[in-house]
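Student: Could you take me through one part of this model closely? I would like to follow a single sheet and what packs on it.

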There are 2 protein chains.
Amino acid sequence: MKQSELFTKTIKELPKDEESRNAQLLIKAGYIQKEMSGVYAFLPLGLKVLNKIIQIIREEMDSIGGQEISLSALQNPEIWQKTDRWSDKNVDAWFKTKLASGAEVGLGFTHEEPLTNIMRSYVQSYKDLPQYVYQFQTKFRNEARAKSGLMRTREFIMKDLYSFTVDQKALDEFYELAKEAYLKIFQRLGLGEKTFVTFASGGVFSKYSHEFQTECLAGEDTIYVDYEKKIAVNKEVYNDEVLAELGLDKEKLKTVKAIEVGNIFKLGTKFSEPLGLFYTDEAGNKKPVIMGCYGIGPARVLATIVELYNDEKGIVWPKSIAPFTAHLLCLGDDPEVKKQAESVYQSLIKEGIEVLFDDRIGLTAGEMFADADLVGLPYRLIVSKKNGDKIEIKERQSANSESLDLNQVIKKIKENV
Amino acid sequence: MKQSELFTKTIKELPKDEESRNAQLLIKAGYIQKEMSGVYAFLPLGLKVLNKIIQIIREEMDSIGGQEISLSALQNPEIWQKTDRWSDKNVDAWFKTKLASGAEVGLGFTHEEPLTNIMRSYVQSYKDLPQYVYQFQTKFRNEARAKSGLMRTREFIMKDLYSFTVDQKALDEFYELAKEAYLKIFQRLGLGEKTFVTFASGGVFSKYSHEFQTECLAGEDTIYVDYEKKIAVNKEVYNDEVLAELGLDKEKLKTVKAIEVGNIFKLGTKFSEPLGLFYTDEAGNKKPVIMGCYGIGPARVLATIVELYNDEKGIVWPKSIAPFTAHLLCLGDDPEVKKQAESVYQSLIKEGIEVLFDDRIGLTAGEMFADADLVGLPYRLIVSKKNGDKIEIKERQSANSESLDLNQVIKKIKENV
């Protein structure tokens, strides 16, 4: 894409009311805009990153048998009353609104109830199970205080997968599969090294749930990490008994701040029983379906990546989710140089390399460099009179650049993506 | 995809409270589910169709310079007050809700206000224009009476593009470009023959707006069509004066029911002035940005296609948006036949053909045929003992089938997609 055609620009001043590093950088670089407290718009570059994160998650959910759907935001109180989650006394995150008729409806903050209800149309027999169903859908949560930029917002896309199985064993097996898929997702997103399977509070049907916590100073959670075993314990369940049960040595644990980037939870029959999702087993007995749920918030993942990967100049995107792989800068107004840059741009596109071409006129080299650092694409390529036929290539985090032929540039980028 | 792994099944009974043909067929075939009146969930097959429609629209919007973004559903009253559209007296479609603080917010029924407000950060000079910005975003409309299935719902995805230009001439030029792109979209969606550019009421800044009306008995609108000129006039502006102005002959017009599948509208300075979206022209004068808006509802398009393309047995999808191109049926339980069907399935996938493989066991041939007709994929392929090495191929609407080799089947499908 040509930068002259991108409607966003980098913004010089920091937004006043925005204290979090992720939102500051993302707004300054033109990835997002704040619509109101806890509510953000995704602009072209931001939407590209978000969609890349979503696609990685989608691929891994498909690989464990997930089937994608899309439920509604508007929620029918009837089904939530069955699980006792309609009342504001039990759930304080509801946004509620009214139909023209005066009837109250809610905006989904999660989707166990509607999906469990829908599955009743398709699950009658053990032959109809297991099923793994997921969506990327907007959740609304009436946070008393939205904070931390994209980390905790009032409206956000969530990937929520729900598993429907015949028994605890089948749930346990899928749960482990989902855990592995999650680790693979965070690996692909560039968060693998810093993300830990974390024991957190469970429910009636399981002693623990598991969170995926990414070590980060900006995190709201406190976890105790065993780096050797690559697991952690959330503060909420941290005590001697739990440590003993998990075989963890208190002395080896490090207390760190972390961001919950995902969580998985064994629901058992918590939703299937009250909502009437039963199946008939091989012997003809009617049994409640056993459920699990598996969540990741793509925008929170995006915020976490920005919190972890930035420097004083701007964002430093991992290659897997950068909006473009290369930032091509054309320095100066020399017509020959412009022609050369345009030709390099077309060659890179032809090679399937995603490139943002800074073809804007009237900017100094310094302004272009500052913008490129702020936007944070993995490779900066410079075409200029000084460089002649060569292209100056520099990785975002590197202090050193080198001058290469176009073919060498293409080879280098392709080898490292 | 293997049908045995698809969680949805065809449903025998018609939903009682569902009067529209599109929702009846889509629910029976497992494409969608009704969550409440005017609110539907998209299930795996339905989401696939919806996404194909979205992708076609996206490609055409990109081809005329559109930049994709995603705004929020939650709306800040402040900016809507500036255009006098916050009050329920002026806009009766609002869903409103409250933040935990007690402050009222709305759910966007359209997005002129928030986008115009955001553009202020990026548009200062004539050099920053034109810009064409679009999104696929969920709109909420508090319809007094939701009806006609997916045609008029309370929550739906909308593609809304907004153009920002320096003057009327630039708007007019882009408007014509958008009109052509829209016609191309409806052509690709299989609605080209029945969709007419329709003159409808305009506003302060233009005498007419243009709707894209698809002739259909289930439509809510009445239009007067000139089939030769391929244009129409909406009942709301139909009078002798308008006909004379448009050079239309009353005698040649046919009165038909139609569905509004898209509309484009010249907004002028209606939003830019009150919201303060101004630019400085070459002479240094401050001027309001001239805007236009361009909408298509992908789910309404989907409903329209189902209303137009169905028979007593089920849906008849156009090839461009069918969830799968071929429905492969394996008849009988013979292990050799099963092996053959599996091999055909793998070969089709390898050839890049999207195929739904009905590998379910225990169904009669009649049940499989009925399901295939209801689901409505373009090609039905049968592998059975009777057919031997050959594959029986039948187009959904054809009464005749033929027996072909696998290679011939692949060739036939690829030639016609």
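Tutor: Happy to! A definition helps to begin with: two strands pair if DSSP finds at least two bridges between them. Keep in mind, too, that this is a predicted model.

Let's look at the sheet in chain B. Here 5 strands form an open sheet, and their order is β20-β19-β21-β22-β23. The pairing within this sheet is mixed. Because β20 (355-358) and β23 (401-404) of chain B stand at the edges, each has a single partner strand, and one side of each is left without a neighbour in the sheet. From one strand to the next, the twist averages 25°.

Now zoom in on the edge strand β23(B). Its pairing with β22 (residues 391-395) of chain B is antiparallel and runs over 4 bridges. Within this pair, B:Ile393 stands opposite B:Glu402, which belongs to β23(B). As background, strands of a sheet pair through backbone hydrogen bonds, either parallel or antiparallel.

Next come the helices. Helix α11 of chain B, residues 406-416, packs on the sheet and touches β19, β21, β22 and β23 of chain B. The direction of α11 makes about 20° with that of β22(B). Helix α10 of chain B, residues 365-375, lies across β19 (326-330), β20 and β21 (379-383) of the chain. Relative to β19(B), helix α10 runs at about 175°.

To put the picture together, β19 and β21 of chain B are touched by α11, and α10 lies across β19 and β21 as well. The edge strand β20 is among the strands that α10 lies across, while the edge strand β23 is among those that α11 touches.

Definitions and conventions. Residues numbered from 1 in each chain as written. Chains lettered and ligands numbered in written order. Predicted model: local features only at pLDDT ≥ 70, side-chain atom pairs only at ≥ 80, totals over all residues. Helix = DSSP H or I, 4+ residues; strand = E, 2+ residues; numbered from the N terminus. Axes fitted to C-alpha atoms, helices over the stretch in contact; angles between N-to-C directions. Contact = placed C-beta atoms within 7 Å.
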